[in-house]
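Trainee: Could you pick one part of this model and walk me through it up close? I'd like to see what it sits against, and then how the rest of the chain looks around it.

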Amino acid sequence: MPDGGGPVRPGRTGLPGRRAVLLALTGLLGTAAAGCARIPVTGPVRQGRVVRADPDPGYRVEPVGPVPGATPEGVVRGFLLAGVGVEEEFQAAREFLSSSRRASWRPTALTVVLPVGALVVQQGATSADGTVVVSVAAPELAQVDPTGVYRPSPVGQRREFSVTLLREDGQWRIDDAPDLLLLDEARFQQTFTQRPVMFVARPDGDVLVPDPRWLLDRPATATTLVEQVLAGPPSQLAAATSSGAPTGTDLPANSVTVTDGVATVDLPAGLQRQRAAQTRQLQQQVSATLQSSELGITQVVTSLDGGELSPVSTLPLPVPPDSDAPYLLSQDRVCRLVGSQVVPVEGLPAVPGAASPAVRDDAVVVLVAGRSALQRLSAAALDGAAEAMPPAVPLGADLTPPSIDPGGWTWTTPAACTGAVLAVGEDGAVAQVAAAWLAGRRVLGVRIAEDGARALVTSTGAAGQPDAVRVDVAGVQRSSSGAPQQLTAAQDPPTPWLASVAAAVWVGSTTVAVLGTVVPGSAQADSARLAGGGAASLDAPGVWLVDGGRVTYLGGPPGTAGAVTLAGGSGRQSLVVGAADGQVWPREGSRWLPLQLPAAFDPVYPG
């Protein structure tokens with residue numbers, strides 16, 4: 001084991017319902033790849049060893065302090081390994097620091113996520129003043145801020161820094177450690193958990209809208225979650241959601257306690273001045289946030305400045321329909337994929353040239369006229385008679401695959417965007433939904449979440465730019481009647497690692513799947529190869545699961561399949577890829593296997 005490491009023991013149960021494998025920056029597998037960048041330092045340099053990962057992530061590494069007599073490089077590696085001490089507030093890691101730095105070090109100020117096996121630690125020579133510089137370098141996958149927001153790093157971005165060590169009581173100690181944690185991808189998913197912060201959809205305020213955050217597995221997380229509820233929604237959701245507290249409301253110290261699964265939350269006294277309806281909504285948000293946090297919280301008791309509040313009803317968290325039978329088109333008929341059979345939907349006539357079906361309850365729409373018009377279908381009204389179909393609604397050239405939202409609006413828009421997208425009401429009225437951030441871009445798809453407050457928007461722009469390919473979770477601002485008015489997106493490019501994209505779909509309340517290719521040489525490409533995706537497979541469109549910003553490669557059909565469309569329902573096992581030649585590839589376990597069917601196109605789940 002490297003200097004400063006600790007004994008490896010079987011994992012212990014920590015927070016209820018979750019394996020508590022608390023491994024903060026550790027090593028990162030394998031030897032350094034040939035050509036890894038090194039940071040030059042003063043004096044002779046010898047190559048540092050790569051910090052190695054525990055081979056079995058099902059085991060926990062107990063954090064320990066420095067080993068007497070450890071070299072400067074060993075102290076730095078031990079310091080990084082000792083970041084596993086989440087429960088102890090990083091006490092073991094602090095022992096590697098000088099007496100002047102120990103108390104002021106803030107490890108949770110920033111978390112940097114690295115590819116597995118990429119970290120290089122390199123020691124320089126001893127300076128005239130008796131200090132030693134040790135350099136640390138690795139490519140970045142992402143950064144996570146103190147609020148838990150996960151942001152993929154730009155392609156090619158590296159994390160490089162040096163620390164100075166000095167002698168204290170005859171031992172090397174770090175005098176200037178940066179305020180951050182470094183974790184490889186494997187350790188990150190074992191040390192952090194994605195936890196939704198709940199807001200409420202406008203205008204009706206009758207369903208929850210989750211905003212994913214990645215937070216450490218430690219007792220203080222319950223307080224952090226309540227603080228994030230009080231801080232209000234992120235900018236892209238501000239017009240689409242509401243919160244029961246004024247934005248930026250501060251939470252007094254010691255206001256959240258958790259005992260035997262019961263969380264007690266004392267809300268700030270300043271909220272006494274707001275309306276009772278707002279306080280009830282805030283209670284609903286806090287309760288839903290804590291009970292979905294995987295912290296073992298089964299009950300939430302709220303009070304206001306010490307006075308206990310009456311319990312409130314719960315709000316639903318809509319999720320994608322749990323359907324194992326996607327819809328598709330075969331021989332110009334809207335059909336369902338039942339097992340390995342294509343079954344036409346009863347009562348719907350054949351529609352020559354139909355493309356890209358969308359379904360919700362009894363509503364069915366397809367694109368017609370070379371993807372320039374929207375055709376509504378209704379089994380009850382048509383009873384199989386094509387002549388009874390209402391006139392198609394012309395909307396423009398190269399329409400995106402339609403999506404029907406919970407309010408009955410059908411979203412499809414010309415791919416060439418001038419700063420607005422289209423939504424068609426049940427009465428045929430066409431709404432121009434402002435989306436200034438899409439002006440000049442090519443829109444490939446707009447799919448609305450089940451809460452109606454978020455849209456999954458896929459678009460492409462100028463090649464070579466960080467936002468050349470974007471898959472955004474945008475907010476949907478609506479009028480008091482529910483009519484869509486505007487789409488708002490985050491400013492930072494959410495998917496700088498994508499080189500191309502064909503489609504993106506919801507597969508959970510905060511999880512999406514993307515069919516596309518990754519930028520060669522990106523940290524995501526390296527992680528995918530380590531997960532089993534070879535260079536050849538990464539050249540063809542594959543499926544990437546994006547969970548609160550974090551990316552997992554799921555593989556895909558072979559490059560010769562010609563994958564062009566993606567369908568997703570509830571969870572990754574619902575995923576289905578459609579090929580240009582009419583072949584359908586569902587996900588079976590960890591593989592993609594073609595079905596022996598008549599030619600079938602554009603698979604889709606309701607929504």
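Mentor: Let's begin with a yardstick: the expected span of a helix is 1.5 Å times one less than its number of residues. Keep in mind too that this is a predicted model.

Our part is helix H5, residues 276-291. H5 has 16 residues and reaches 22 Å from its first C-alpha to its last, which is close to the 22 Å expected at 1.5 Å a residue.

Now, which residues of H5 are buried? They are Thr 279, Gln 281, Leu 282, Gln 283, Gln 284, Gln 285, Val 286, Ser 287, Ala 288, Thr 289 and Leu 290. As a reminder about helices, an α-helix has 3.6 residues a turn, so residues three or four places apart point the same way. In H5, though, the buried list includes the unbroken run from Gln 281 to Leu 290.

What covers those buried residues? The cover includes helix H4 (221-231) and several strands, among them E11 (192-201), E12 (208-216) and E13 (241-242). Strands E15 (262-267) and E16 (299-304) belong to the cover as well.

Let's look at the sheet in that cover. E12, E11 and E13 form an open sheet of three strands, in the order E12-E11-E13, with antiparallel pairing. E12 and E13 are the edge strands, each pairing on one side only. In general, strands of a sheet pair through backbone hydrogen bonds, either parallel or antiparallel. Here E11 and E13 run antiparallel and are joined by two bridges. Within that pairing, Val 200 has Ser 242 of E13 as its bridge partner. H5 packs on this sheet and touches E11, E12 and E13, its direction making about 160 degrees with that of E11. H4 lies across E11 and E12, and it runs at about 30 degrees to E11.

Zoom in on Ser 242, which is found in strand E13. Is Ser 242 buried or exposed? Ser 242 counts as buried because its relative accessibility is 14%, and the cut-off for buried is under 20%. Its side chain makes a polar contact with the side chain of Gln 281, at 3.1 Å. Gln 281 is one of the buried residues of H5, so you can follow the link from strand to helix yourself. Leaving out residues up to four places away in sequence, Ser 242 touches Phe 199, Val 200, Arg 202, Gln 281 and Gln 285.

For contrast, try Asp 427, in the loop between strand E27 (420-424) and strand E28 (430-434). Asp 427 is exposed, with a relative accessible area of 67%. Still, its side chain reaches the backbone nitrogen of Ala 429 at 3.0 Å. Asp 427 is also 9.6 Å from Gly 408, C-alpha to C-alpha, with their positions 19 residues apart in sequence.

Finally, step back to the chain. There are eight helices and 41 strands in it, and 56% of its 607 residues count as buried. Among contacts between residues at least 6 apart in sequence, 60% join residues at least 24 apart. The accessible surface of the chain is about 24,400 Å², and 51% of that belongs to carbon and sulfur atoms.

Terms used:
Residues are numbered from 1 along each chain as its sequence is written. This is a predicted model: local features need pLDDT of at least 70, side-chain atom pairs count only at pLDDT 80 or more; totals for chains, interfaces and linings use all residues. Side-chain values use heavy atoms; hydrogens and water are left out. Helices (H or I, at least four residues) and strands (E, at least two) are DSSP runs, numbered from the N terminus. Buried means under 20% relative accessible area, exposed over 50%, partly exposed in between (1.4 Å probe, protein chains only). Contact means heavy atoms within 4.5 Å. Accessible areas come from the Shrake-Rupley method with a 1.4 Å probe; for residues, only the protein chains shown count as cover. Two strands pair if DSSP finds at least two bridges between them. Axes are lines fitted to C-alpha atoms, for helices over the stretch in contact, and angles run from 0 to 180 degrees between N-to-C directions. A polar contact is a pair of N or O atoms within 3.5 Å; within protein, one must be able to donate a hydrogen and the other to accept it, and residues adjacent in sequence count only if both atoms are side-chain atoms.
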